[in-house]
Amino acid sequence: MNRGQRTAHERLWWVLGPALLLAVLASLLTRGVPDQAPPPAVLEEGPR
Amino acid sequence: MSVTYVPVQWNRPKVVYDATLLAAVALYLWLFPLVARGVWPGTPQILAMRAWGTCGFLMITAILTLGPLARLDRRFLPLLYNRRHFGVIFFAVALGHAKAVLDYYHRYGVFGDGWAGRLASMLTNDTAFAGGVLPFPLFGLVALAIFLVMAVTSHDFWQAFLGPRAWKTLHMAVYAAYALVVLHVAWGALRFETHPGYAAFVALAAGGVAALHLVAARRSNAPDAAAARWVELDGVRWLDAGDPRAIPPDRARPLVVPGAERIALVRWGEGKVSAVHGVCAHQGGPLYEGKVIDGALTCPWHHWTYRPGDGQSPPPFTEKLPTYRVRLHLGRLLVDPRPLPPGTPVTPVELAPDPAPDAPAPPSPSRPLPIAGEGARG
């Protein structure tokens with residue numbers, strides 16, 4: 001493996017590793033958060 | 001390397017490798033619904049979808065650990081040699097997962113039950129995209145597209161057609177695809193299955209793959225930390241490569257050159273030691289970790305071969321490596337780190353035969369090793 005490949009590979013994993021773990025953590029922390037508010041029409045309609 | 005076209009060069013290790021993998025996949029897909037039935041009260045279709053999906057995640061994680069594991073322990077090398085077969089089988093499993101998803105959730109969408117209709121349904125379906133903050137099906141689909149390109153171009157034909165370096169660059173996209181797979185799982189399954197064990201497993205898999213790569217990189221880069229020792233002789237600055245007998249017979253060792261690529265020191269033949277460029281002409285593999293097979297230095301990655309005496313691949317192959325002048329001085333191997341043109345023959349250092357085990361000990365342990373051969377400069 002040449003020098004460029006070796007250093008690029010190591011740098012890549014220093015970034016990718018924490019990024020993947022952060023992604024999993026972010027998913028867990030935002031679990032249950034609704035994506036969007038219900039459409040206004042539904043709110044205004046009220047019980048039938 | 002091959003000069004004739006053979007669709008797949010089957011040999012016994014490849015057959016055993018593929019048969020073992022296929023049997024393991026079949027066993028997993030068969031056992032998964034039986035075990036999971038008690039955990040997830042889903043329909044058989046959902047269980048099948050999860051069986052293919054978890055099998056694929058385990059496979060791609062395993063594939064990514066093979067590279068660093070082989071660098072950390074040579075016993076993993078046989079698994080690395082046929083990694084492309086592993087990758088293609090993994091792609092088939094990932095495709096099985098995608099098919100199960102499209103069959104179950106998108107068969108009866110408004111776009112019809114053709115494959116284009118199912119795909120359109122997946123890409124526009126509110127339920128699928130509302131499962132998380134991020135559109136997790138899209139991550140899986142893009143990852144699958146990358147794996148498709150990789151699987152299709154995994155054959156030697158494509159390696160030759162694209163050129164080794166372009167091919168390798170293309171296949172480095174596996175890291176991006178793996179990141180997408182982790183996102184796909186984190187924003188998909190992990191948001192529906194809230195048991196902390198699942199999240200811990202995914203984090204362990206992704207963290208483990210990253211940690212293994214970093215540990216292997218640290219090990220691989222370790223020789224660079226050693227300070228180079230120079231010896232000036234006859235107006236030439238030589239790099240001191242240490243005791244040449246420390247190189248095991250028919251093996252190579254790295255010599256770190258400040259500011260340049262490593263040199264492969266090769267012990268071959270009857271006590272000959274030569275120096276060639278340490279980077280394989282094929283995909284930049286570490287020739288300094290190779291061994292001598294049938295008189296040729298063989299790259300540990302894909303078995304490309306070079307003659308240690310002149311850096312040329314044996315006929316009919318035409319690859320050439322730069323070579324370096326070597327000489328023996330007071331029992332130390334010295335290397336002139338200025339590369340000679342690729343394929344230049346150099347005179348190897350010749351070590352005196354090792355003393356027989358029952359031979360009397362030398363009179364003085366500090367006595368320099370006999371100089372049985374001179375360097376290229378004479």
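**Rings, charges and backbone in chain B**

B:Tyr104 is partly exposed, with a relative accessible area of 28%. On this scale, buried means under 20% relative accessible area, exposed means over 50%, and partly exposed lies in between (1.4 Å probe, protein chains only). The model is predicted, so local features need pLDDT of at least 70 and side-chain atom pairs count only at pLDDT 80 or more, while totals for chains, interfaces and linings use all residues. Residues are numbered from 1 along each chain as its sequence is written, chains are lettered from A and ligands numbered from 1 in the order in which they are written, and side-chain values use heavy atoms, leaving out hydrogens and water.

Next come the aromatic rings. Rings of Phe, Tyr and Trp (its six-membered ring) pair if their centres lie within 6.5 Å; planes under 30 degrees apart count as stacked, over 60 as edge-to-face and the rest as tilted. Over all chains, 10 aromatic pairs meet this rule. One of them joins B:Tyr28 and B:Phe32: the ring centres are 5.7 Å apart and the planes stand at 35 degrees, so this pair is tilted. Both residues belong to helix 1 (residues 12-36) of chain B, 4 residues apart, which is about one turn of the helix. Helices (H or I, at least four residues) and strands (E, at least two) are DSSP runs, numbered from the N terminus. Buried or exposed: which word fits B:Phe32? B:Phe32 is buried, at 12% relative accessibility, and B:Tyr28 is partly exposed at 24%.

B:Tyr104 has a ring partner in B:Tyr105: their centres are 5.0 Å apart and their planes meet at 65 degrees, an edge-to-face pair. B:Tyr105 is partly exposed, at 44%. Elsewhere, B:Phe57, B:Tyr178 and B:Phe201 make up one aromatic cluster.

Charged side chains also sit over rings (NZ of Lys or CZ of Arg within 6 Å of the ring centre and within 35 degrees of the ring normal). B:Arg118 lies over the face of B:Trp115, 4.5 Å from the ring centre. B:Lys272 does so over B:Trp268, at 5.0 Å.

The backbone comes last. Most residues other than glycine have a negative phi, and most peptide bonds are trans. B:Asp294, in the loop between strand 6 (291-293) and strand 7 (296-298) of chain B, has a positive phi near 50 degrees and is exposed at 80%. B:His303 also has a positive phi, of about 65 degrees; this residue is in the loop between strand 7 and strand 8 and is partly exposed at 41%. The peptide bond from B:Pro315 to B:Pro316 is cis, with omega near 10 degrees. B:Pro316 is in the loop between strand 8 (305-306) and strand 9 (323-324) of chain B.
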